[in-house]
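Got your viewer ready? Let's take a walk through this one, selection by selection.

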Amino acid sequence: MTRPLHPMESYSMQPIGYIESDFPDKFGVPRQPGLAAAARASLILVPPYDDPLAVRGLEAFSHLWLTFVFHHSPTRWTPLVRPPRLGGNAKVGVFASRSTHRPNRLGQSLVKLCGVDIGGGDTGGIHTGRSDKRAGVRLALTGCDLISGTPVLDIKPYLPWAEALPDARAGYAPDPPPQLAVRFSAAAEATLATREDAASLRELIRQVLAQDPRPAYRKGAEERLYGVRLRDVDVRFQVESTALTGRSGIHVIEIDIGN
């Protein structure tokens, strides 16, 4: 008979790579993958997992599952959490949520694979502990919801015939979150016009802000000016309500390129 695992038995894991993404900070990161399709990212594999043989055949798949660590989340956890979809007030069990505050801080994200770069990877500058530069493997991704520096533990191809279940119940989150209208000030549009990536950056800003990234407890503080960092810019925005419809929208006040 197989010996049952002791409750205190532990397992040692190490990252196979790290993420570089459009999200340098936690604030503004979409709460689920795919909600901001314009969000770009790279997964850079590190030795010894940067062997090109390890990704042979991967380019035949359009989407990947990434298992990662919520490395900015605290190591403590509680059995009850407050999902944003419930307004940040009602509590559910941590295992009935996708909270980042989990016992092992493990996360899973479905991302789109846009390319596999063999020989162009640089593992020296993204918190790997290595200072040398070497040819490696870099995966180009979109729809990512991970901040730069996120440690990735595993990659698996997504199989739609096995994993897409349209009739599955989705509990308290049966539909995608509502989208707010986003408008850009003349100053913000002028700043975007100076960028080579103006079109993709504008769409990234729109997709991220349309989901209203504010914490649930901040809803209603429409007079406050908020800031979110995307790529290499700081975006300052305000939530506004129209008297005619009563619906909220997002107004991008300015985009600061900085240095």
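Among contacts in the protein chain between residues at least 6 apart in sequence, what percentage join residues at least 24 apart? The figure is 70%, with contact meaning heavy atoms within 4.5 Å.

Some housekeeping before you click. You're looking at a predicted model, where local features need pLDDT of at least 70 and side-chain atom pairs count only at pLDDT 80 or more, while totals for chains, interfaces and linings use all residues. Residues are numbered from 1 along each chain as its sequence is written, and side-chain values use heavy atoms, with hydrogens and water left out.

**Stop 1: the whole chain**

Switch to cartoon and colour by secondary structure. The protein chain has three helices and twelve strands; these are DSSP runs numbered from the N terminus, with helices being H or I of at least four residues and strands E of at least two. Now put a surface on. About 15200 Å² is exposed, and carbon and sulfur atoms supply 54% of that (Shrake-Rupley method, 1.4 Å probe; for residues, only the protein chains shown count as cover). Of the 259 residues, 36% are buried. Here buried is under 20% relative accessible area, exposed is over 50%, and partly exposed is in between (1.4 Å probe, protein chains only).

**Stop 2: the nonpolar cores**

Select Phe 23, Leu 204, Ile 205, Leu 209 and Val 252. These have the most contacts inside the largest nonpolar core, which has 26 residues. A nonpolar core, by the rule used here, is a set of buried Ala, Val, Leu, Ile, Met, Phe, Trp, Tyr and Cys residues joined through side-chain atoms within 4.5 Å. Elements that each supply at least two residues to this core are β9 (181-184), α2 (186-192), α3 (198-209), β10 (225-230), β11 (233-241) and β12 (248-256). Which of them gives the most? That would be α3, with five residues.

Zoom in on Leu 209. Not counting residues up to four places away in sequence, Leu 209 touches Val 182, Val 228, Val 235, Phe 237, Ile 250 and Val 252. Apart from this core lies another, of 20 residues; to find it, select Ile 16, Leu 45, Phe 70 and Val 152, which are among its members.

**Stop 3: Arg 138 and its partners**

Next, show charged side chains. There are 13 salt bridges in the structure, each a side-chain nitrogen of Lys or Arg within 4 Å of a carboxyl oxygen of Asp or Glu. Pick Arg 138 and Glu 20, whose side chains form one at 3.2 Å, N to O. Arg 138 sits in strand β7 (residues 137-142) and Glu 20 in strand β1 (residues 17-21), 118 residues apart. Arg 138 counts as buried at 19% relative accessibility, whereas Glu 20, at 30%, counts as partly exposed.

Add Ser 42, in strand β2 (residues 40-45). Its side chain makes a polar contact with that of Arg 138 at 3.5 Å (a pair of N or O atoms within 3.5 Å; within protein, one must be able to donate a hydrogen and the other to accept it, and residues adjacent in sequence count only if both atoms are side-chain atoms). Ser 42 is buried, at 14% relative accessibility. Leaving aside neighbours within four places in sequence, Ser 42 is in contact with Tyr 18, Ile 19, Glu 20, Arg 138 and Leu 139.

**Stop 4: two more salt bridges**

Select Arg 202 and Glu 189: their closest N and O atoms are 2.6 Å apart. Arg 202 is in helix α3 and Glu 189 in helix α2, so this pair ties together parts 13 residues apart in sequence.

Then go to Asp 197 and Arg 231, which meet at 2.9 Å, N to O. Asp 197 is in the loop between α2 and α3 and Arg 231 in the loop between β10 and β11, so parts 34 residues apart in sequence are tied together. Are these two buried or exposed? Asp 197 is buried at 17%, and Arg 231 is buried at 11%. Extend the selection to Asp 22, Arg 195 and Asp 232: with Asp 197 and Arg 231, they're joined into one network by salt bridges that share partners.

**Stop 5: aromatic pairs**

Last, show the rings. There are three aromatic pairs, where rings of Phe, Tyr and Trp (its six-membered ring) pair if their centres lie within 6.5 Å; planes under 30 degrees apart are stacked, over 60 edge-to-face and the rest tilted. Trp 65 and Tyr 158 are edge-to-face, 6.0 Å centre to centre with 65° between the planes. Trp 65 is in strand β3 (residues 63-69), and Tyr 158 is in the loop between β8 (151-157) and α1 (160-163), 93 residues apart. Finish on Phe 68 and Phe 70: their ring centres are 4.9 Å apart and their planes at 75°, so this pair is edge-to-face. Both Phe 68 and Phe 70 are buried.
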